[in-house]
Amino acid sequence: MDRMRRLRKNETIRSMVRENHIRIDELIYPIFVIEGENICNPVDSMPGICQYSIDRLYEELDRVCNAGISAVLLFGIPARKDEAGSGAYDENGIVNQAIRYMKKNYSHIVVIADVCLCEYMSHGHCGIVKNGEILNDETLPLLAKAAVSYAKAGADIVAPSDMMDKRVAAIRQALDKEGFTEVSVMSYSAKFASGYYSPFRDAAGSAPCFGDRKTYQMDPANGREALREVEQDILEGADFIIAKPALGYMDVIKDISLHYNIPIAAYNVSGEYSMVKAAAMQGWIDEKKVVMENMVGLKRAGAKMIITYHALAIAKWIKEME
């Protein structure tokens, strides 16, 4: 007679039959770098997360190294913005400075550079704007230019998050033309127009000044559409794909994993992070248990990697369990 509880008898047996595990080398930690000096600005809506100037970036990177985390995702906050997003592709821009600093001082860490224009645009949208419309094809050369500039600075991976059509092809072609054939593209293929991004916009200073992003980010009601986005990005040359947000979209992650043989990164976004932190600070939940359960859920859904602001804490907890 089957008795499933025999497989749950004690922790050793439970560990032996455990189907999914969280590994430190599968975690990607997002970092916000800001122009200026001696800056460590706490992000109020994201407890424990700060913006760092280059001269203080070592504080966060030392924690990353001590945790054993092998990859970070960089976001830049420029001192000036304009309607061409020029800070995104300025060779002396904040992200390029951070990449060069990391490659000089922390060369073993894989550097993933987010490719988007919203943080650098005066209007906060992810593309060129004309008469209130976000223009797709006119934006592509600027995204490609930004990706190439990050590759020149030493980025290992570029991650377009703008959701413009055909941007993966434009970036791949530009990288190859400049000789950066070994630089990978990690595309935000399934990125939804979500309410979970609000704390990130505080951290990156990227909230749009008018309207919203629903004309280019995906409708949360559409799951099958995500498969079309992923397929298109793979055909255009994506090496990895990102699904974002994560917790409310595990079905999408599962569908992608079943249909395509490509590494999937689940982005456990700012709002998901902040909700857990807020509840834990009130004593309503056990932070460690909830976070680890969320991470296992993402792995169970099919994620190979997890981008999360919890990464430092997760690495600590994993080491404590070893």
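Here is a short conversation about the predicted model shown above.

User: Good to meet this model! What should I know about numbering and confidence, and which atoms do side-chain values use?

Analyst: Residues count from 1 along each chain as its sequence is written, and in this predicted model local features need pLDDT of at least 70, side-chain atom pairs count only at pLDDT 80 or more, and totals for chains, interfaces and linings use all residues. Hydrogens and water are left out, and side-chain values use heavy atoms.

User: Thanks! How many helices and strands does the protein chain have, and what is its radius of gyration?

Analyst: The chain has 11 helices and 12 strands, taken as DSSP runs (helices H or I, at least four residues; strands E, at least two) numbered from the N terminus. The globule rule (2.2 Å times the number of residues to the power 0.38, with the radius taken over C-alpha atoms) gives 20 Å for 322 residues, so the chain is as compact as a globular protein of that length, with a radius of gyration of 20 Å.

User: Which elements do the buried residues of α11 pack against?

Analyst: Helix α11 covers residues 311–321, and its buried residues are A311, L312, I314, A315, W317 and I318. Buried means under 20% relative accessible area, exposed over 50%, and partly exposed in between (1.4 Å probe, protein chains only). With contact meaning heavy atoms within 4.5 Å, these buried residues pack against β1 (27–34), α2 (57–67), α10 (287–301) and β12 (305–308).

User: Is D233 buried or exposed, and what is its relative accessible area?

Analyst: D233 sits in helix α7 (residues 224–236). Beyond its neighbours within four places in sequence, D233 touches R167, V168, S187, S189 and A238. D233 is buried, with a relative accessible area of 3%.

User: R167 appears there too. Which residue does R167 meet in a salt bridge?

Analyst: A salt bridge here is a side-chain nitrogen of Lys or Arg within 4 Å of a carboxyl oxygen of Asp or Glu, and the structure holds 16 of them. R167 and its partner are both buried. At 3.6 Å, N to O, that partner is D162.

User: How far apart, N to O, are D176 and R172 in their salt bridge?

Analyst: The two are four residues apart in helix α5 (residues 167–177), so about one helical turn separates them. D176 is partly exposed at 36% relative accessibility, whereas R172 is buried at 11%. Their N to O distance is 2.9 Å.

User: Lastly, which residues are linked with R23 in a network of salt bridges?

Analyst: R23 is partly exposed at 40% relative accessibility, and E26 is buried at 6%. Their side chains meet at 3.9 Å, N to O. The network links R23 with D25, E26, K299 and K304.
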